[in-house]
Each structure stands twice: as structure tokens, then as C-alpha cells.
Amino acid sequence: MSEGGQQVDLMQLQLPQLNVLKEQLDQEMEMMQSSLQQLKIAQSRFVESSESIGKLNSDNDGKEMLVPLTSSLYVPGKLQDVNNVLIDIGTGYYVEKSLEESKKYFKRKIEFVTKQMEKVQPILIEKSKMRQIVMDVMNMKIQTQMASMQGQQKPVAS
């Protein structure tokens with residue numbers, strides 16, 4: 001197993017050391033799974049925004065709609081300019097863009113997030129494999145210790 005560029009022979013490690021390594025892998029996997037989940041949420045929001053932009057056209061000009069102020073508070077409003085939209089680019093900043101520019105923006109964002117997800121997934125799979133190997137070695141060492149202890153406890157015939 002390679003840890004930080006070093007080769008580590010798992011069979012040379014004691015059970016407590018293996019347990020620490022397993023816990024470290026568990027923490028790394030949990031962090032990566034959380035990151036992957038956040039990326040999936042961001043991706044779905046960008047896709048949803050892109051689909052909403054795609055539904056705007058000149059036929060919608062002047063139509064009434066509900067405008068979201070928060071995720072659970074909407075107020076009535078009217079569409080005035082369907083050719084330009086305000087896009088939330090994060091941390092409270094908004095940018096006005098045309099529909100075409102908006103579509104391109106969301107396409108780029110979706111592609112970027114997808115690439116990030118594709119980078120995280122193989123690392124997560126590798127960490128999972130490493131964890132399984134550590135678990136197998138731990139189980140083997142436990143079995144060896146159990147067998148050794150049973151061998152030492154054989155009754156002596158008198």
C-alpha cells in the first residue's frame with residue numbers, strides 16, 4: 001500500500017496501527033462522499049437553472065409568475081424582459097446576461113462540476129479498496145492471534 005509516496009507492508013503493522021489506518025481511510029472516504037454529494041447538488045441546481053432558462057421565450061413576456069425571494073417564500077411578479085436574466089454567481093453576486101450567454105454559462109458550470117465529480121469518484125473507489133485490504137489484513141491478524149491463544153491454552157494431561 002502506498003501512503004504519501006511510501007510503501008507500507010501492512011503485514012508488518014500491529015492491529016492498533018492498522019485500526020488507525022482504517023479510521024483514517026474511513027474519514028477520508030466520508031469527506032469525499034460528502035464532497036461528491038455537494039457536487040451532485042450543485043450539478044442538479046445548474047441543470048435546473050439551465051432548464052428554466054430554456055423555457056423563457058418572447059411568448060412569456062408580460063406573463064405573471066411567482067418570484068422566489070427565499071427557498072420557501074415567493075411573491076407574485078410579471079416578466080418584463082425575457083431576453084435578459086439575472087444569474088446568481090455565488091456569494092450574493094448577480095450578473096445580468098442574455099439568454100444565450102446564460103445557457104452557455106450553465107453549460108460550462110455543469111461540465112465543470114461533472115469533471116470534478118469524475119475526478120473524485122476514482123479516488124473514492126481506490127480508498128474503498130485500500131480500506132477493504134486493511135480490513136482483510138486486520139481479520140487475518142485477529143484469526144492468527146486467536147489461533148495462537150487457543151494453541152497456548154491446551155490442557156496438560158497429568
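Met 65, Val 67, Leu 69 and Leu 73 come together as a nonpolar patch of about 330 Å² on the surface. Val 67 sits in strand β3, which covers residues 64–68, and its relative accessible area of 32% makes it partly exposed. Keep in mind that this is a predicted model.

**How far to trust it**
- Mean pLDDT for the protein is 89, and 93% of the residues get to 70 or more.
- Confidence is highest in helix α1 (residues 15–54), with a mean of 95, and lowest in strand β1 (residues 2–3), with a mean of 48.
- Where pLDDT is low, don't read the predicted coordinates in detail.

**Aromatic rings**
- The count here is two aromatic pairs.
- One of them joins Phe 46 and Phe 106: the ring centres are 6.2 Å apart and the planes meet at 45°, a tilted arrangement.
- That pair links distant parts of the chain, since Phe 46 belongs to helix α1 and Phe 106 to helix α2 (residues 99–152), 60 residues away.
- Phe 46 and Phe 106 are both buried.
- Tyr 105 and Phe 106 also pair up, with centres 5.2 Å apart; their planes are at 75°, so this one is edge-to-face.
- Tyr 105 is buried as well, just like Phe 106.
- Put together, the ring pairs make a cluster of Phe 46, Tyr 105 and Phe 106.

**Salt bridges**
- Across the whole structure there are five salt bridges.
- Lys 22 and Asp 26 make one of them, with their closest N and O atoms 3.0 Å apart.
- These two are four residues apart in helix α1, which means about one helical turn lies between them.
- Lys 22 is buried, at 14% relative accessible area, while Asp 26 is partly exposed, at 24%.
- Arg 131 joins in too: Lys 22, Asp 26 and Arg 131 are linked in a salt-bridge network.
- Glu 28 and Lys 127 form another bridge, at 2.5 Å from N to O.
- Because Glu 28 is in helix α1 and Lys 127 in helix α2, this bridge ties together parts 99 residues apart in sequence.
- Lys 127 counts as buried, with 18% relative accessibility.
- Lys 107 bridges to Glu 111, and here the closest N and O atoms are 4.0 Å apart.
- Lys 107 and Glu 111 are four residues apart in helix α2, so about one helical turn separates them.
- Lys 107 is exposed at 53% relative accessibility, whereas Glu 111 is partly exposed at 39%.

Methods
Residues are numbered from 1 along each chain as its sequence is written. This is a predicted model: local features need pLDDT of at least 70, side-chain atom pairs count only at pLDDT 80 or more; totals for chains, interfaces and linings use all residues. Side-chain values use heavy atoms; hydrogens and water are left out. Patches are made of residues with over 30% relative accessible area and no salt bridge: like charges are joined within 9 Å, nonpolar side chains (Val, Leu, Ile, Met, Phe, Trp, Tyr) within 5 Å. Accessible areas come from the Shrake-Rupley method with a 1.4 Å probe; for residues, only the protein chains shown count as cover. A salt bridge is a side-chain nitrogen of Lys or Arg within 4 Å of a carboxyl oxygen of Asp or Glu. Buried means under 20% relative accessible area, exposed over 50%, partly exposed in between (1.4 Å probe, protein chains only). pLDDT is the predictor's confidence in each residue, from 0 to 100. Rings of Phe, Tyr and Trp (its six-membered ring) pair if their centres lie within 6.5 Å; planes under 30 degrees apart count as stacked, over 60 as edge-to-face and the rest as tilted.
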